[in-house]
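Work through the following exercises with the structure in view, and try each task before reading its solution.

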Amino acid sequence: MDLDRTPAFQIWIDQTVQKLGEARHRGEQLPYVDVAQTAELLVGSFSGVQALS
């Protein structure tokens with residue numbers, strides 16, 4: 001199938017980055033956490049679990 005799902009995943013990653021950034025500003029996150037990498041990890045992991053279930 002030639003369906004490009006990249007934009008949908010990128011939107012989800014961007015939203016997660018925003019939420020993690022807000023949490024950082026509220027002091028709810030350790031300072032060494034890389035927000036962008038964490039967002040990609042969470043979205044990728046959840047998507048993988050969904051694909052396998």
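**Exercise 1.** At what angle do α1 and α2 pack, and how far apart are their axes?

*Solution.* Bear in mind that the model is a predicted one. Begin with the two helices, α1 (6-25) and α2 (35-52), which pack at an angle of about 130°, while their axes lie 8 Å apart. The next step is to classify this angle: angles over 145 degrees count as roughly antiparallel and those from 65 to 115 as roughly perpendicular, and α1 and α2 are therefore oblique to each other. As for the handedness, α1 passes α2 in a right-handed crossing. The contact draws on residues of both helices, including F9, W12, I13 and L20 of α1 and V35, L42, V43 and F46 of α2. Sorted by character, the residues of this contact comprise eleven nonpolar, four polar and two charged.

**Exercise 2.** Decide whether Q29 is buried or exposed, and then find the residues that it touches.

*Solution.* First locate the residue: Q29 sits in the loop between α1 and α2. Its relative accessible area is 17%, and since buried means under 20%, Q29 is buried. Next look at its surroundings, where, leaving out residues up to four places away in sequence, Q29 touches L20, A23, R24 and V35. Finally, examine the polar partners of its side chain, which reaches the backbone oxygen of L20 at 2.9 Å and is joined to the side chain of R24 by a polar contact of 3.4 Å.

**Exercise 3.** Decide whether R26 is buried or exposed, and determine how far it lies from D14 in space.

*Solution.* R26, to begin with, is found in the loop between α1 and α2. Its relative accessibility is 53%, and because exposed means over 50%, R26 counts as exposed. The second step concerns distance: R26 and D14 are twelve residues apart in sequence, and from C-alpha to C-alpha they are 19 Å apart in space. As a last step, follow the side chain of R26, which is joined to the side chain of E28 by a polar contact of 3.0 Å.

Key:
Residues are numbered from 1 along each chain as its sequence is written. This is a predicted model: local features need pLDDT of at least 70, side-chain atom pairs count only at pLDDT 80 or more; totals for chains, interfaces and linings use all residues. Side-chain values use heavy atoms; hydrogens and water are left out. Helices (H or I, at least four residues) and strands (E, at least two) are DSSP runs, numbered from the N terminus. Buried means under 20% relative accessible area, exposed over 50%, partly exposed in between (1.4 Å probe, protein chains only). A polar contact is a pair of N or O atoms within 3.5 Å; within protein, one must be able to donate a hydrogen and the other to accept it, and residues adjacent in sequence count only if both atoms are side-chain atoms. Contact means heavy atoms within 4.5 Å. Axes are lines fitted to C-alpha atoms, for helices over the stretch in contact, and angles run from 0 to 180 degrees between N-to-C directions. Angles under 35 degrees count as roughly parallel, over 145 as roughly antiparallel, 65 to 115 as roughly perpendicular and the rest as oblique. A crossing is left-handed if the near helix is turned anticlockwise from the far one by less than a right angle, and right-handed if clockwise. Ala, Val, Leu, Ile, Met, Phe, Trp, Tyr, Cys and Pro count as nonpolar, Asp, Glu, Lys and Arg as charged, and the others, Gly among them, as polar.
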